[in-house]
Amino acid sequence: MNKIPRRKFIQLSAAAATGAVVLSGRHAVAEDLPKLAEDDPMAQAMKYVHDAGTVDAASRPNPAAEQNCANCALIQGEDGAEWRPCQIFPGKLVAANGWCSVWAPKG
Ligand code: SF4
């Protein structure tokens, strides 16, 4: 290996390592957030529950066939994760199978 490719290799390795740290750090932030409690005052104000199946569909302001956090426009984070951030409850995680009265259909 001559000097130039070796230096380039080291630069690329450093950049890759930095990117990995940034990505893993961002991932860790979402995972480290506390789960929203159903008795949290904000959760109660929005009628949040961990299990959307416990909500009477007729009582929902927008009675679509299936409503849960995983198919809500306000969910964040990665598809398939059991607990995910939500725009309505910053700093907390909501259950993918949860529900609250702010539910909105995705685009
Ligand atoms: Fe779930 Fe949507 Fe309510 Fe957030 S706004 S808690 S994702 S239903």
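**Around the ligand, and two residues in and after α2**

Hi everyone, let's start with the ligand: around it we find Y48, C69, C72, L74, I75, C86, I88, F89, V94, C100 and W103. Please keep in mind that this is a predicted model. So what is the character of that shell: nonpolar, polar or charged? The count comes out as 11 nonpolar residues, with no polar and no charged ones. As for where the ligand is placed, it sits in the largest cavity.

Now hold on to two names from that shell, I88 and F89, and come over with me to M42. This residue belongs to helix α2, which covers residues 41-45. Which residues does M42 touch once we set aside neighbours within four places in sequence? They are I88 and F89, and both of these also surround the ligand. For F89, the separation from M42 is 47 residues along the sequence, yet C-alpha to C-alpha the two are 7.8 Å apart in space. Is M42 itself buried, partly exposed or exposed? Its relative accessible area is 42%, so M42 is classed as partly exposed, since that class lies between 20% and 50%.

My last stop is K47, in the loop that runs between α2 and β1, the latter being residues 83-85. Have a look at the backbone there if you have the viewer open. K47 is not a glycine, yet its phi is positive, at about 60°. For context, most residues other than glycine have a negative phi. And how accessible is K47? Its relative accessibility is 57%, and because the cut-off for exposed is over 50%, K47 counts as exposed.

That's my tour, thanks for listening!

Terms used: Residues are numbered from 1 along each chain as its sequence is written. This is a predicted model: local features need pLDDT of at least 70, side-chain atom pairs count only at pLDDT 80 or more; totals for chains, interfaces and linings use all residues. Side-chain values use heavy atoms; hydrogens and water are left out. Helices (H or I, at least four residues) and strands (E, at least two) are DSSP runs, numbered from the N terminus. Buried means under 20% relative accessible area, exposed over 50%, partly exposed in between (1.4 Å probe, protein chains only). Contact means heavy atoms within 4.5 Å. A residue is near a molecule or strand if one of its heavy atoms lies within 4 Å of it. On a 1 Å grid over the protein atoms alone, a cavity is a set of points where a 1.4 Å probe fits but cannot get out, and a pocket is an open set with protein on both sides within 12 Å along at least five of seven lines; lining residues have an atom within 4 Å of a point. A molecule sits in a cavity or pocket if more than half of its atoms lie within 2 Å of its grid points. Ala, Val, Leu, Ile, Met, Phe, Trp, Tyr, Cys and Pro count as nonpolar, Asp, Glu, Lys and Arg as charged, and the others, Gly among them, as polar.
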